[in-house]
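Let's take a walk through this one, strand by strand. Keep the viewer open and click along as you read.

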Amino acid sequence: KLSGFHRRAVTNLAFSQDGALLASVGLDDSHSVAIYDVAKGRVLSTSKGERSKVLDLAFAPGGDRLLQVGLKHARVWSIDGRNLSSRRVRFSQAGGAPKAVVSCCFLLGAG
């Protein structure tokens, strides 16, 4: 059982590739992010997220990064134990931010 952080509801979930971590986004005004240690059943780290709606999450292979996308945003989270930090993805000047990014994934590069 995993509990203890989100109060209203959970809108998005993503497991790391090895199943050790679970990321969740809450329905609060800041769409807060929580990272859980699945085996221990506890919260590892939390942070306020985006004010705009989150539509998808995906862990990078290795579980040290998390990609979050949604209405007018994309954000990359770095996970280092209990430390959770993020940066917004910048879109090209010509096109600007899309109205919505609805899905995301990480692809492994060849060589």
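What follows covers confidence, the sheet, the nonpolar cores and a few residues worth a click.

This is a predicted model, so to speak plainly, local features are described at pLDDT of at least 70, side-chain atom pairs count only at pLDDT 80 or more, and totals for chains, interfaces and linings use all residues. Residues are numbered from 1 along each chain as its sequence is written, and side-chain values use heavy atoms, with hydrogens and water left out.

**Confidence**

pLDDT is the predictor's confidence in each residue, on a scale from 0 to 100. The chain averages 88, and 91% of the residues score at least 70. Among the elements, β5 has the highest mean pLDDT (95) and β8 the lowest (92). Where pLDDT is low, the predicted coordinates should not be read in detail.

**The sheet around β6**

Two terms first. Strands are DSSP runs (E, at least two residues), numbered from the N terminus, and two strands pair if DSSP finds at least two bridges between them.

Four strands make an open sheet in the order β5-β6-β7-β8, with antiparallel pairing. β5 and β8 (83-88) sit at the edges with a single partner strand each, so one side of each has no neighbour in the sheet. On average, neighbouring strands of this sheet are turned by 20° against each other, direction ignored; the axes behind that angle are lines fitted to C-alpha atoms, and angles between N-to-C directions run from 0 to 180 degrees.

Start at β6, residues 65-70, where 5 of the 6 residues are buried. Buried means under 20% relative accessible area, exposed means over 50%, and partly exposed is in between (1.4 Å probe, protein chains only). β6 pairs with β5 (residues 54-59) in the antiparallel sense over 5 bridges, and with β7 (residues 73-80), also antiparallel, through 6 bridges. Elsewhere in the chain, β1 (residues 10-15) runs antiparallel to β2, joined by 5 bridges.

Here are some bridge partners to look up:

| Residue | Partner | Strand of partner |
|---|---|---|
| V54 | G70 | β6 |
| L66 | W77 | β7 |
| R65 | S78 | β7 |
| A14 | A23 | β2 |

The turns are worth a look too. The β5 and β6 hairpin has 5 residues between its strands, and G62 there has a positive phi near 100°. The β1 and β2 hairpin also has 5 residues between the strands, with G19 at a positive phi near 80°. In the β6 and β7 hairpin, 2 residues lie between the strands.

**The cores**

Which residues touch the most other members of the largest nonpolar core? Among its 14 residues, they are V33, I35, F59 and L66. The elements giving two or more residues to this core are β2 (21-26), β3 (33-37), β5 and β7. A second, separate core has 7 residues, including L67, V69, A74 and V76. A nonpolar core here is a set of buried Ala, Val, Leu, Ile, Met, Phe, Trp, Tyr and Cys residues joined through side-chain atoms within 4.5 Å.

Click on I35 and, leaving aside neighbours within four places in sequence, you'll find contacts that include L21, L22, R42, F59, L66, I79 and L84. Contact means heavy atoms within 4.5 Å.

**Three residues to click**

Most residues other than glycine have a negative phi. H31 has a positive phi near 45° and is not a glycine; K72, likewise not a glycine, has a positive phi near 55°.

Is H31 buried or exposed? H31 is buried, at 10% relative accessible area, and sits in the loop between β2 and β3. The H31 side chain reaches the backbone oxygen of R51 at 3.4 Å. That fits the cut-off for a polar contact: a pair of N or O atoms within 3.5 Å where, within protein, one must be able to donate a hydrogen and the other to accept it, and residues adjacent in sequence count only if both atoms are side-chain atoms. Beyond four places in sequence, H31 is in contact with residues including V25, G49, E50, S52 and V54.

K72 is in the loop between β6 and β7, and counts as exposed at 55% relative accessibility.

Finally, L107 is in the segment after β8 and is exposed, with a relative accessible area of 74%. L107 and A60 are 47 residues apart in sequence, and their C-alpha atoms are 8.3 Å apart in space.
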